[in-house]
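User: I am new to this structure. Could you teach me how to read some of its features?

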Amino acid sequence: MHSTLHALPVLQDNVIWIWVRGRNAVVVDPAVAKPVSQWLNSHEMGLTAILQTHHHADHIGGTPELLSEWPQAEVVAATADRLRIPFQTRGVADGDVIKLLGRRLEVIDVAAHTSAHIAFILRNDDDQDPRFGPLVFCGDTLFAGGCGRLFEGSAQDMYRALQRFAALPDETLVCCAHEYTEANLRWATEQHPHDVQITTRYRTVKQLRSRGDLSLPSSIGAEKRTNLFMRAETAEQLAELRSHKDQWRSS
């Protein structure tokens, strides 16, 4: 029995990840419930668990309604965010390992976008389902071509978080929660118009998006090559990039 991964676009740019094995599913950061419920029911799936990377409404908004339909489903979230994600049933912290759908998921602390942001890593280190993985559900800390805004953390926090992601194998799939890739790479090409790796990736993503296709998942290797935030050599350099990107975004 092998796993599959499905990306469900919702709202303006959210992406809900659905990890399936057999007739059981794990859903990551459900912004809304109805599209998830429809997808699960149309594929005759049961909901085993919901993974929450952080507390923002566009990540947890659909969870209570999903629990009303699948009340036995676990909700895995940061213990430190118990007040802001009160319906969690399993609190976790950095270094914890949980088992879902027969696989081991590692929890890492990547606080920066929010003060209690976590990510879930599925490594290719067991023989239960060796063709599935490695991957990381990274919420709003790492984006394809970018990183999350610093609402509750510092540039030093983000630098530390991105270094943790950079240490993962290059082939690790980056399953982030928003389809921001085209805009992120457009900004990056303006900063480095002669960087062939960035401009080539930007053209490819533009073609994908013009057809209505997702650019996700990305990979750690692609981010290390073309994501300016992942390429930052110091927290100070990352802070300058983040400030410039925020001003560019609002202009």
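User: In which hand, left or right, does α5 pass α6 in their crossing?

Analyst: First, a caution: this is a predicted model. Now the case. The crossing of α5 past α6 is left-handed. The two helices cover residues 181–191 for α5 and residues 196–210 for α6. Their axes come within 9 Å and cross at roughly 150°.

User: Are α5 and α6 roughly parallel or antiparallel to each other?

Analyst: Angles over 145 degrees count as roughly antiparallel. The axes here cross at roughly 150°. Therefore α5 and α6 are roughly antiparallel.

User: Which residues make the contact between α5 and α6?

Analyst: From α5 come T181, E182, L185, R186, A188 and T189. From α6 come I198, T199, R201, Y202, V205, K206 and R209. Sorted by class, this contact has five nonpolar, three polar and five charged residues.

User: Next, burial. Is H56 buried or exposed?

Analyst: Under 20% relative accessible area, a residue counts as buried. H56 has 18% relative accessibility, so H56 is buried. Look for H56 in the loop between β4 (46–51) and α2 (57–60).

User: What does the side chain of H56 make a polar contact with?

Analyst: With the side chain of H113, at 3.4 Å. Beyond its neighbours within four places in sequence, H56 is in contact with H113, T114 and F151.

User: Where is C176, and what is its relative accessible area?

Analyst: C176 sits in strand β13, residues 173–176. Its relative accessible area is 0%, so C176 is buried. Setting aside residues within four places in sequence, C176 is in contact with V15, W17, C138, G139, L142, F143, A144 and L216. Check S218 too. That residue is 42 residues from C176 along the chain, yet their C-alpha atoms are separated by 8.4 Å.

User: Are the loop residues F132 and N227 buried or exposed?

Analyst: F132 is in the loop between β9 (118–122) and β10 (135–139). At 7% relative accessibility, F132 is buried. Not counting residues up to four places away in sequence, F132 touches S3, T4, L5, W19, R103, L122 and N124. The C-alpha atoms of F132 and L122 are separated by 8.7 Å.

N227 lies in the loop between α7 (220–226) and α8 (228–231). N227 is buried, with a relative accessible area of 0%. Leaving out residues up to four places away in sequence, N227 touches L142, F143, G145, G146 and A222.

User: Now the backbone. Which peptide bonds here are cis?

Analyst: Most peptide bonds are trans. The bond from G133 to P134 is cis, with omega near -5°. P134 is in the loop between β9 and β10. Another cis bond joins L216 and P217, with omega about 0°. P217 is in the loop between α6 and β14 (218–219).

User: What are the phi values of E44 and L101?

Analyst: Most residues other than glycine have a negative phi. Phi of E44 is near 55°, a positive value. Phi of L101 is near 50°, also positive.

User: Where are E44 and L101 found? Is each one buried or exposed?

Analyst: E44 is in the loop between α1 (34–42) and β4. At 61% relative accessibility, E44 is exposed. L101 is in the loop between β7 (97–100) and β8 (103–109). L101 is buried, with a relative accessible area of 14%.

Methods
Residues are numbered from 1 along each chain as its sequence is written. This is a predicted model: local features need pLDDT of at least 70, side-chain atom pairs count only at pLDDT 80 or more; totals for chains, interfaces and linings use all residues. Side-chain values use heavy atoms; hydrogens and water are left out. Axes are lines fitted to C-alpha atoms, for helices over the stretch in contact, and angles run from 0 to 180 degrees between N-to-C directions. Helices (H or I, at least four residues) and strands (E, at least two) are DSSP runs, numbered from the N terminus. Angles under 35 degrees count as roughly parallel, over 145 as roughly antiparallel, 65 to 115 as roughly perpendicular and the rest as oblique. A crossing is left-handed if the near helix is turned anticlockwise from the far one by less than a right angle, and right-handed if clockwise. Contact means heavy atoms within 4.5 Å. Ala, Val, Leu, Ile, Met, Phe, Trp, Tyr, Cys and Pro count as nonpolar, Asp, Glu, Lys and Arg as charged, and the others, Gly among them, as polar. Buried means under 20% relative accessible area, exposed over 50%, partly exposed in between (1.4 Å probe, protein chains only). A polar contact is a pair of N or O atoms within 3.5 Å; within protein, one must be able to donate a hydrogen and the other to accept it, and residues adjacent in sequence count only if both atoms are side-chain atoms.
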